[in-house]
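Visitor: I'd like to learn how to read a model like this one, feature by feature. Could you walk me through it?

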Amino acid sequence: MIISVSAFLLFLFFWLFLFMPAHKQVAALKNELILADQQIQSIELLLAGAQSQDQVVRLLKEKQRYLSNKFPQKEEEGLRLIPELARKMDIDIISLLPGTRTELLDASNKQIAIENRAVSYLPVTLELSCYFKDLVKYAIELRTTFPAFTSINSLDIKREGQTSGKIRANIKFNLYLLN
Amino acid sequence: MRKTFLRFAAIFIAAAFIFSQLLINSQISDCKKRLKTAQLYLQGLEEIKNLKYFVDTRENLINLIRRGKVPAEGLLKLISAIVPSSIILDEFSLDQSTHIMRLRGIVVLGGDSAAQALADFINALGNSKFIHEANLISSGEAQGKNTFEIECILAQ
């Protein structure tokens, strides 16, 4: 009788204080492992087709550098650089008229936001006098290297005279900003 | 006999307990190793995940802004590349809201050559990925010049 009770108590002790906690620890570790595996799989899906992880990081960092200054908070810098860029390309600015900063809305009139910041745009009307080839370069620079994302809405070009070869261009574009 | 049986039973149960404990310990150790490896790998990937999220968010915004618009600089580049020396453009207008581009100008050639130059120009416009359709709206002779107007419906 004493032996049976002792054996049972020993078994109970072993079960409660050694086996059960160890079993729980295994279950918790397995859950953590599953979670980590799921996260890895979701990221590896992003890497599908890429040659190496380093290459992906390099490409993404290049894109990040380019995109990080494409949506400034303030319009002043962009407005200052519009004529500066034009001057560098031998373009005469006849007039530069910024409009009112407006929030960008989606098709259902909802405010568009990224990184918890609302997206807005500043309409700009620009009148220029230049050669056509310089206008092409200017439009390319506005899209690529200009430190704000721009989108041309309308463009009107007329020849200034029959002999000068210069044109008069009226460009309406939006300068996009993050609040 | 009974004592011997009990001894054997006790030894067997103790061995079973020890074996199961060893098994669980080895499982714990294995899980910890795998978890450590996975977490290290995940740390390396975390940077990619964050970068990708940043890039995707902004690229999606850019795509949203550009939706339904053609790149104006692309059109300007196209025009400067395909306008032949026999055509002089006087006016160019582009409206992204109506998806219309209009070109007015003169052809410095005369007769059939003028018509051919204009037809080739319209074809070149129509072959561009930015332009859905290019049509000659008017052409004629005014003050000794072959004038024309072309309207292009832009691709959306």
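Guide: Sure, let's start with one residue and work outwards. B:F92 sits in strand β1 of chain B. Keep in mind that this is a predicted model.

Visitor: Is B:F92 buried or exposed?

Guide: The way to tell is to count neighbours: 20 or more other C-beta atoms within 10 Å makes a residue buried. B:F92 has 22 other C-beta atoms within 10 Å, so it counts as buried.

Visitor: Which residues does B:F92 touch, leaving out those up to four places away in sequence?

Guide: Its contacts are B:I79 and B:L103 in its own chain, plus A:I157 across in the other chain. For a pair far apart along the chain, look at B:F92 and B:E149: they are 57 residues apart in sequence, with their C-alpha atoms separated by 9.8 Å.

Visitor: A:I157 belongs to chain A. What joins β1(B) to chain A?

Guide: For strands, look for bridges and check the direction. Strand β5 of chain A, residues 149–159, is joined to β1(B) by 5 bridges, and the two run antiparallel. To pick out one bridge, take A:S154, whose partner in β1(B) is B:D95.

Visitor: Let's zoom out to the whole contact. How many residues does each chain put in?

Guide: Count both sides separately: chain A gives 50 residues and chain B gives 46 residues. On the chain B side, α1 (2–66), α2 (72–82) and β1 (87–95) each supply at least two residues. The largest share there comes from α1(B), with 31 residues.

Visitor: And what classes of residue make up that side of chain B?

Guide: Sort them by class and you get 22 nonpolar, 13 charged and 11 polar residues on the side of chain B that touches chain A.

Visitor: How is each chain divided into domains?

Guide: Read the bounds, then the distance between centres. Chain A is assigned domain 1 (2–68) and domain 2 (76–178), and their C-alpha centres lie 52 Å apart. Chain B is assigned domain 1 (1–67) and domain 2 (72–154), with C-alpha centres 67 Å apart. The strand we began with, β1 (87–95) of chain B, falls inside domain 2 of that chain, which covers 72–154.

Visitor: Last one: what confidence scores come with the model?

Guide: The general idea is that coordinates should not be read in detail where pLDDT is low. In chain B the mean pLDDT is 89, and 100% of the residues reach 70 or more. For the model as a whole, ipTM is 0.72 and pTM is 0.72.

Note on methods:
Residues numbered from 1 in each chain as written. Chains lettered and ligands numbered in written order. Predicted model: local features only at pLDDT ≥ 70, side-chain atom pairs only at ≥ 80, totals over all residues. Contact = placed C-beta atoms within 7 Å. Helix = DSSP H or I, 4+ residues; strand = E, 2+ residues; numbered from the N terminus. Nonpolar A, V, L, I, M, F, W, Y, C, P; charged D, E, K, R; others polar. Pairing = 2+ DSSP bridges. Buried ≥ 20, exposed ≤ 12 C-beta atoms within 10 Å, placed from the backbone. Domains from an automatic or database assignment. pLDDT = per-residue confidence, 0-100.
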